[in-house]
Amino acid sequence: MSKFLTLSLLVCSLCATVRYQSFYDHKLQEFAAMKQSDLVFLGESLTMRHNWSEYRASNMGIDGDTTAGVLSRMHLASGAKTIVLMIGVNDILNQIPLNVIQRNYTKILKNFSPEQRIYVLSLLPVIDAKETKSINQKIRTLNRWLASEVKKESLSYIDLYPDFLDKNNQGLKENLTTDGIHLTPQAYKVWSKILQTKLPQ
């Protein structure tokens, strides 16, 4: 690869990083200014890309966010009585070690207020392919750890994972995803149906 192409790729990567940070900062300002509902959905793109108004909830999802990101901004949801949390898949996609993800998650769980009702959602699978087998394995591993850790903290764990599995129990159902990770309207109906049986009415 020529030094010119290498430099060009580096500049493009830097521009993308700057754009994302601008987007992220804008979302933080939006959350700080919003009139917050008693119920907050906190997470990444799977949370952000759905309208949760049927729950009269505030959407505090940010595309591309990680456990470290949620840890740094969870204070913005301190006024919520109930929080529904899903985070972690971007950590795995970015090859962050599981022990780092777990450490961040432990801090998140311990930093919620005792007065808040916390519902921690399992991670969802991604589409099954040769390139994603290790990703799905890490998701399963993290989900098992998460279920145990949430119980230790006396919080509520909601396991969405089984309802999104394909017929081989290996990855995300093809009809529930737009690109192998993100979800179709039908997928959100599945998600919402499960929540309706778990969240207080």
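Which residues have the most contacts inside the largest nonpolar core? Select Ile 83, Leu 85, Tyr 105, Phe 112, Leu 123 and Ile 139. The core they belong to has 33 residues. Keep in mind that this is a predicted model.

Next, colour the elements that give two or more residues to this core. They are helix 1 (3–33), strand 1 (39–43), strand 3 (82–86), helix 4 (89–93), helix 5 (98–111), strand 4 (117–121) and helix 6 (133–152). Helix 6 supplies the largest share, six residues.

Now centre on Phe 112. Leaving aside residues up to four places away in sequence, Phe 112 touches Met 74, Ile 83, Leu 85 and Ile 118. Two of these contacts, Ile 83 and Leu 85, are also on the list you selected at the start.

Move to the second core. This one is separate and has 24 residues, including Tyr 55, Tyr 119, Phe 164 and Leu 172.

Stay on Tyr 55 and add Phe 41, Trp 52, Tyr 188 and Trp 191: these five residues form one aromatic cluster. Across the structure there are nine aromatic pairs. Zoom in on Tyr 188 and Trp 191. Their ring centres are 5.6 Å apart and the planes meet at 20 degrees, so this pair is stacked.

Show the backbone here. Both residues sit in helix 7 (residues 185–196), three residues apart, about one turn of the helix.

Last stop: are these two rings' residues buried or exposed? Tyr 188 counts as buried because its relative accessibility is 5%. Trp 191 is buried as well, at 0% relative accessible area.

Methods
Residues numbered from 1 in each chain as written. Predicted model: local features only at pLDDT ≥ 70, side-chain atom pairs only at ≥ 80, totals over all residues. Heavy atoms only, no water. Phe/Tyr/Trp six-rings, centres within 6.5 Å; stacked < 30°, edge-to-face > 60°. Helix = DSSP H or I, 4+ residues; strand = E, 2+ residues; numbered from the N terminus. Buried < 20%, exposed > 50% of the residue type's maximum accessible area, 1.4 Å probe, protein only. Core = buried A, V, L, I, M, F, W, Y, C linked by side-chain atoms within 4.5 Å. Contact = heavy atoms within 4.5 Å.
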